[in-house]
Amino acid sequence: MPNPTRIFNVNWFRRDAQGHFLWPGFGDNMRILKWIVERARGRAISIESPIGWMPRFEDLDWRGMEDFMRQQFNELMSVDRDAWQQELLFIRELILSSLWRSPQRWGLAPE
């Protein structure tokens, strides 16, 4: 059973060598959301990647997207270790900066 604390993570704004988005668009995000819900219910397969659990090409509903090829999907789901390390360091710095500017103990304002 996949570890529920690890997330599925992908950059939907990645571009190919010609500068085109790899993922077709926001309207197709429901395909991924459907897989996420099915996975949470134990009815979908996932594979572990260095950044979390991901679907295989055949795990998604491609009806109406016959022109989206497995090669595009594989490129979209690939993990560039160096790019991810840089991204994580950047996110870490943002969080540390935010914590540094916050009060020692932060809480929600009473209603």
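Which residues are linked with Arg56 in a network of salt bridges?

**View 1. A network of salt bridges in the predicted model.** In this predicted model, Arg56 is linked with Glu58, Asp59 and Arg70 in a network of salt bridges. Across the structure, the count of salt bridges comes to 9, and the views that follow take up several individual pairs before turning to the nonpolar core.

**View 2. The salt bridge between Glu58 and Arg70.** Within the network, Glu58 pairs with Arg70, and the closest N and O atoms of the two are 3.1 Å apart. Because Glu58 belongs to the loop between β2 (52-54) and α2 (70-77) while Arg70 belongs to helix α2, the pair ties together parts that are 12 residues apart in sequence. Glu58 is partly exposed, having a relative accessible area of 44%, and Arg70, at 43% relative accessibility, also counts as partly exposed.

**View 3. The salt bridge between Glu38 and Arg43.** Here the side chains of Glu38 and Arg43 form a salt bridge in which the closest N and O atoms lie 3.1 Å apart. Glu38 has a relative accessible area of 22% and is therefore classed as partly exposed, since buried would require a value under 20%. Arg43, by contrast, has a relative accessible area of 54% and is exposed, because that class holds residues over 50%.

**View 4. The salt bridge between Asp61 and Arg63.** Asp61 and Arg63 form a salt bridge with their closest N and O atoms 2.5 Å apart. The acidic partner, Asp61, counts as partly exposed at 22% relative accessibility, whereas the basic partner, Arg63, is exposed, with a relative accessible area of 63%.

**View 5. The largest nonpolar core.** The largest nonpolar core has 14 residues, and the members that touch the most other members are Trp23, Leu60, Trp62, Phe68 and Phe73. Helices α1 (29-40) and α2 each supply at least two residues of this core, and the largest share, 3 residues, comes from α2.

**View 6. The surroundings of Trp62.** Which residues is Trp62 in contact with, leaving aside its neighbours within four places in sequence? The contacts of Trp62 beyond those neighbours are with Trp23, Arg31, Phe57, Phe68 and Phe73. Trp23, Phe68 and Phe73 appear again here, having been named with Trp62 among the core residues that touch the most other members.

Definitions and conventions: Residues are numbered from 1 along each chain as its sequence is written. This is a predicted model: local features need pLDDT of at least 70, side-chain atom pairs count only at pLDDT 80 or more; totals for chains, interfaces and linings use all residues. Side-chain values use heavy atoms; hydrogens and water are left out. A salt bridge is a side-chain nitrogen of Lys or Arg within 4 Å of a carboxyl oxygen of Asp or Glu. Buried means under 20% relative accessible area, exposed over 50%, partly exposed in between (1.4 Å probe, protein chains only). Helices (H or I, at least four residues) and strands (E, at least two) are DSSP runs, numbered from the N terminus. A nonpolar core is a set of buried Ala, Val, Leu, Ile, Met, Phe, Trp, Tyr and Cys residues joined through side-chain atoms within 4.5 Å. Contact means heavy atoms within 4.5 Å.
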